[in-house]
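Student: I'd like a close look at one part of this model and at what packs around it. Could you take me through it residue by residue, then set it in the wider picture?

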Amino acid sequence: MAALGLAVKVVVVPLVHTVTAALFIPGGAVAGGLYMLFLVLGAAIVRKPGAATLIALLQAVVVFVTGLPGSQGALSLLTYTLPGLSVDVLALILRARTWTLPGCFLAGIATNVVGTYAVNVALFRLPGLPLMLSLAAAALSGGVGGVLAYGLAQRLARLGLMGSRPL
């Protein structure tokens with residue numbers, strides 16, 4: 001899941017940035033729903049506390065060590081890990097309802113909004129209105145990513161690739 005998320009990010013963010021740059025919205029806020037869905041999907045598959053955080057931490061270490069696009073240097077360890085932590089915290093709050101469609105939708109929103117806010121604090125420091133616009137775009141994109149993660153998890157369950165645990 002960590003590798004898939006990074007691979008999608010490297011391809012999608014530059015494409016999205018061509019549109020969002022004119023609006024002064026960081027491309028990751030909009031594209032995040034597509035690459036953060038792998039945090040939600042990984043947690044939905046594993047269903048153990050800390051799964052999303054571990055996936056995100058692995059991404060952070062890979063980005064930090066390799067200097068892949070999207071690296072914020074040592075700050076990557078925080079900006080990449082916090083979104084995974086947000087999925088795990090939400091899973092603790094929602095418990096059994098986490099991997100339902102609404103739960104995955106909320107997890108997608110949480111992961112992308114937290115990631116967007118963390119990058120803003122670390123790098124961009126956008127003023128109020130652009131930050132709110134960026135977080136709104138992140139929530140919309142993250143929600144869509146959560147729905148996609150739910151759909152992928154359902155497909156994997158139907159194929160028997162998630163063991164005997166239904167979603």
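**Inside α5**

Tutor: Let's start with threonine 116, which sits in helix α5; helices here are DSSP runs of H or I with at least four residues, numbered from the N terminus. Bear in mind that this is a predicted model, where local features need pLDDT of at least 70 and side-chain atom pairs count only at pLDDT 80 or more, while totals for chains, interfaces and linings use all residues. Residues are numbered from 1 along each chain as its sequence is written, and side-chain values use heavy atoms, with hydrogens and water left out.

Threonine 116 has a relative accessible area of 9%, so it is buried (under 20% is buried, over 50% exposed, and in between partly exposed, with a 1.4 Å probe and protein chains only). Leaving out residues up to four places away in sequence, threonine 116 touches Ala29, Ser134, Leu135 and Ala138, contact meaning heavy atoms within 4.5 Å.

Step back one residue and you get glycine 115, also in α5. Its relative accessibility is 5%, so glycine 115 counts as buried too. With residues up to four places away in sequence again not counted, glycine 115 touches Met36 and Pro83. A long-range pair to look at is glycine 115 with glycine 5: they are 110 residues apart in sequence, yet 13 Å apart in space, C-alpha to C-alpha.

Valine 114 is in α5 as well, but with a relative accessible area of 30% it is partly exposed. Not counting residues up to four places away in sequence, valine 114 touches Leu82, Pro83 and Ser86. So Pro83 turns up in the contacts of both glycine 115 and valine 114. Tyrosine 80 lies 34 residues from valine 114 in sequence and 9.7 Å from it in space, C-alpha to C-alpha.

Now α5 as a whole. Its 24 residues should span 34 Å at 1.5 Å a residue, and the end C-alpha atoms are 32 Å apart, which agrees; the expected span is 1.5 Å times one less than the number of residues. What comes after the helix is arginine 125, with a positive phi near 50°. On the other side, arginine 95 lies in the loop between α4 and α5. Its phi is near 55°, positive in a residue other than glycine, and at 65% relative accessibility arginine 95 counts as exposed. You'll find a phi near 55°, likewise positive in a residue other than glycine, at arginine 47. That one is in the loop between α2 and α3, and at 27% relative accessibility arginine 47 counts as partly exposed.

How does α5 fit into the interior? The largest nonpolar core has 19 residues, of which Val40, Val87 and Trp99 touch the most other members; such a core is a set of buried Ala, Val, Leu, Ile, Met, Phe, Trp, Tyr and Cys residues joined through side-chain atoms within 4.5 Å. α5 supplies at least two residues of this core, as do α2, α4 and α6 (128-158). The top contributor is α2, with 6 residues. Val40 is worth clicking on: residues up to four places away in sequence aside, it touches Val87, Trp99, Cys104, Ala107, Gly108, Thr111 and Ala149. Apart from this core lies another one, of 9 residues, among them Val12, Val16, Tyr35 and Met36. That is the Met36 touched by glycine 115.

Last, the open space. The largest pocket has a volume of about 510 Å³. A pocket here is an open set of points on a 1 Å grid where a 1.4 Å probe fits, with protein on both sides within 12 Å along at least five of seven lines, and lining residues have an atom within 4 Å of a point; the volume is the space filled by probe spheres set on the points, which are joined across faces, edges and corners. α5 (101-124) gives at least two residues to the lining, and so does each of α1 (2-20), α2 (27-46) and α4 (76-94). Of the 31 lining residues, Lys9, Gly28, Tyr35, Gln72 and Val119 lie nearest the pocket's centre. For a sense of distance from Val119, try arginine 155 in helix α6: the two are 36 residues apart in sequence and 32 Å apart in space, C-alpha to C-alpha.
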